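Visitor: I am new to reading protein models, and I would like to learn how to look at one feature at a time. Could you take me through this one slowly?

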Amino acid sequence: MTGDTASGKLPGPGRGESVRDGERATGPAPDTASGEAGSEPDPDGIPGPPAAPGPTTPGPTAEDAGAEATGAQATGRAAGAAAPRKRRRARRVLAWSAFSLAVLVAGTATAGYLYYQHLNDNIVKAPLTQVAKEKRPPAPTPNTAGQTPLNILVIGSDSRNTKENLKLGGAKSSVGAKPLADVQMLVHVSADRSNMSVVSMPRDTLLKLPECEDPESGEVYRATANRRMTNETLGRGGPGCTVATWEETTGIHIDHFMMVDFSGVVSMADAVGGVPVCVDRNIYSHTSAGKGSGLRLEEGTHDVKGKQALQWLRTRYGFGDGTDIGRAQAQHMYMSAMVRRLRENATLANPGKLRSLAEAATKALTVDEGLGSVKKIYDLSNDLRAVPPERITLTTMPFVYEGARVAPKAGDAEQLWRLVREDIALDGKDKKKKKVKDISDQAAAPGEVKVSVRNATATGQLALVPERAGAIAQQLLGKDFARATADQTHTGSEDKTEVRYPGGDAEADAQSVAKALKIPLRRVKESADVTEVTVVIGGDWREGTRFPKKDDEDDDTLPKSAQALNGADDSACMKVDPAYSW
């Protein structure tokens with residue numbers, strides 16, 4: 001999506017209005033006849049993502065922190081001639097990187113080890129997921145260089161349970177209410193770190209929610225029989241429940257999460273000095289009933305920071321058709337602009353501003369235990385900032401309206417999830433797949449080929465199909481592969497069925513096996529994990545003895561319904577509803 005990020009009116013102005021903060025919904029109610037229910041989130045209560053990949057000065061290592069402990073003990077000694085040296089060291093060590101979803105990362109300041117520990121103590125940690133390892137989607141298979149993709153779920157909480165958050169938005173009546181995950185964005189970084197994809201899921205997406213347990217109260221929430229709004233997941237079991245819901249819905253293995261609330265957005269926006277955003281006409285997000293974010297801007301491009309940045313990220317009334325879809329587009333614009341601003345912002349070499357950014361970032365974030373230190377978050381930032389803005393693609397989950405809510409669009413949504421699972425760049429700039437050369441005519445006779453068959457049909461939602469390996473081995477025996485056997489020692493979970501071989505001349509034999517089972521030759525892969533030709537039956541072939549034809553197998557294009565925005569597009573401008581202009 002270039003130019004106008006909301007260039008087409010979506011159907012039904014006022015869809016998705018809610019009754020949080022004592023408001024009465026004006027949009028169509030959920031289809032109660034079908035037994036589906038939705039939560040009642042704040043109409044403009046979405047905290048947006050903070051900051052983006054910034055300066056490239058190296059951050060701290062454990063050795064740096066330890067070495068600086070002595071410096072910390074010497075605090076208060078005469079600065080004198082040491083001051084210039086300390087300033088130089090501050091510029092070298094105090095280098096912060098930030099990514100505009102909620103990834104804001106730090107190195108230590110010259111205060112040394114004690115300050116490093118102080119920043120670590122600022123970070124709140126929570127479990128990654130509440131689902132047992134064996135029920136989760138499989139982690140991606142490393143590429144030939146041993147690299148794996150990274151998937152980080154960024155969550156924006158609408159919690160008003162602090163004085164700071166209440167001051168920035170919402171009614172007093174919402175204090176004490178369960179928080180809602182009103183921003184949910186999946187950040188996918190490719191295995192080779194050449195490109196990044198960001199996928200937003202609207203907060204009012206209707207899904208069946210998994211069983212979760214509140215980590216503080218111990219209250220258990222049973223899996224829902226009917227669909228409910230996905231933003232309820234945060235109140236059902238914290239961010240780990242939101243992660244579990246995403247994994248169950250998409251089949252994507254999530255490595256980390258990062259969560260931020262209202263006050264975190266404001267403090268980080270202040271720390272980085274503002275973000276340029278654009279509107280195609282004057283806007284005032286306000287209604288006679290007092291709804292709206294309060295955003296007031298004249299036509300053109302403006303730097304927003306502090307509370308105004310939060311207003312931009314929360315605005316629904318005035319953008320597009322007044323739903324979460326327009327708001328997600330505004331958030332994408334903000335994020336990509338933040339990436340560009342931080343990459344070119346020389347003022348972030350200022351140690352004082354960097355220290356302010358460090359405090360804001362670490363106090364704002366709740367992360368999984370795998371990211372529970374400044375050093376770990378800094379290492380993650382290096383992966384994120386390696387991606388140039390022009391290779392960042394920001395999208396929204398393809399959806400269809402269901403009354404006041406939305407649901408994943410059949411076909412298009414699954415195509416998007418598949419591209420992410422298979423680490424295919426959403427900008428279409430991956431190297432073109434080479435046509436596989438058919439060398440099966442060089443294979444040994446079927447009866448001479450030793451073939452092992454593994455059952456890997458389990459998925460994040462479905463159990464292993466019993467006797468699957470035996471059924472396929474029997475099929476091969478019927479095709480004269482007399483040495484085919486079912487491997488009873490290796491089971492598990494694989495997304496895709498493949499024929500793997502250890503290398504060398506075995507490729508021709510593997511192709512021969514694949515052709516006998518009607519498995520495409522592009523599914524024949526060399527692997528160091530096998531010692532003979534091995535058929536790995538994945539979750540895409542859970543029944544039947546003939547491999548199912550995949551008509552879209554070669555279609556790696558991003559559906560237009562995903563509404564893509566390129567991270568380098570500085571011409572994008574939000575389309576304002578004339579009803580909210582003056």
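**Reading the model feature by feature**

Guide: Let us begin inside the model, which is a predicted one, with its largest cavity: 14 residues line this cavity, and those nearest its centre are Asp-182, Met-201, Pro-202, Ala-328 and Gln-331. Two elements, strand E5 (181-189) and helix H10 (324-344), each give two or more residues to that lining.

Visitor: How many cavities of 30 Å³ or more does the structure hold, and how much space lies in the largest cavity?

Guide: The structure holds three cavities of that volume or more, and the largest of them has about 110 Å³ of space. When you look at the lining, it also helps to sort the residues by chemical kind, and here seven are nonpolar, four are polar and three are charged.

Visitor: What should I know about confidence in the protein chain, and where does pLDDT stay under 50?

Guide: The confidence of the predictor is given residue by residue as pLDDT, and for the protein chain the mean is 77, with 73% of the residues reaching 70 or more. Along residues 1-111, however, pLDDT stays under 50, although the model has 324 contacts beyond four places in sequence for that stretch.

Visitor: Next I would like to understand disulfides. How many does a search of the whole structure find?

Guide: The general idea is that a disulfide is a covalent bond between the sulfur atoms of two cysteines. In this structure the search finds two, and if you number the bonded cysteines of the protein chain in sequence order, the pairing reads 1-2, 3-4.

Visitor: Which cysteine does the disulfide join to Cys-212, and what parts does that pair tie together?

Guide: The partner of Cys-212 is Cys-241, with a distance of 2.1 Å from S to S. Because Cys-212 lies in strand E8 (residues 212-213) while Cys-241 lies in helix H7 (residues 239-250), the pair ties together parts that are 29 residues apart in sequence. The link of Cys-212 and Cys-241 is right-handed, with 85° about the S-S bond, and both Cys-212 and Cys-241 are buried.

Visitor: And which cysteine forms a disulfide with Cys-278?

Guide: Cys-278 is bonded to Cys-573, and their sulfur atoms are 1.9 Å apart. Cys-278 lies in strand E12 (residues 275-279) and Cys-573 in the segment after strand E25 (565-566), so this pair ties together parts that are 295 residues apart in sequence. The link of Cys-278 and Cys-573 is left-handed, with -70° about the S-S bond, and Cys-278 and Cys-573 are both buried.

Visitor: Why is helix H9 (residues 306-314) said to be largely enclosed by the rest of the structure?

Guide: To judge this, you count the residues with under 20% relative accessible area, which are called buried. In helix H9, seven of the nine residues are buried, so the helix is largely enclosed by the rest of the structure. The buried residues of H9 are Gly-306, Ala-309, Leu-310, Gln-311, Trp-312, Leu-313 and Arg-314.

Visitor: Finally, I have been looking at the backbone angle phi. What is the phi of Arg-193, and where is Arg-193 found?

Guide: Arg-193 has a positive phi of about 60° although it is not a glycine, and Arg-193 is found in the loop between E5 and strand E6 (196-200). Glu-467, which is likewise a residue other than glycine, has a positive phi near 60°, and Glu-467 lies in the loop between strand E20 (450-455) and helix H14 (468-477).

Visitor: Is Glu-467 buried or exposed?

Guide: Glu-467 counts as exposed, because its relative accessibility is 63%.

Conventions:
Residues are numbered from 1 along each chain as its sequence is written. This is a predicted model: local features need pLDDT of at least 70, side-chain atom pairs count only at pLDDT 80 or more; totals for chains, interfaces and linings use all residues. Side-chain values use heavy atoms; hydrogens and water are left out. On a 1 Å grid over the protein atoms alone, a cavity is a set of points where a 1.4 Å probe fits but cannot get out, and a pocket is an open set with protein on both sides within 12 Å along at least five of seven lines; lining residues have an atom within 4 Å of a point. Grid points are joined across faces, edges and corners, and a volume is the space filled by probe spheres set on the points. Helices (H or I, at least four residues) and strands (E, at least two) are DSSP runs, numbered from the N terminus. Ala, Val, Leu, Ile, Met, Phe, Trp, Tyr, Cys and Pro count as nonpolar, Asp, Glu, Lys and Arg as charged, and the others, Gly among them, as polar. pLDDT is the predictor's confidence in each residue, from 0 to 100. Contact means heavy atoms within 4.5 Å. A disulfide is a pair of cysteine sulfur atoms within 2.5 Å. Buried means under 20% relative accessible area, exposed over 50%, partly exposed in between (1.4 Å probe, protein chains only).
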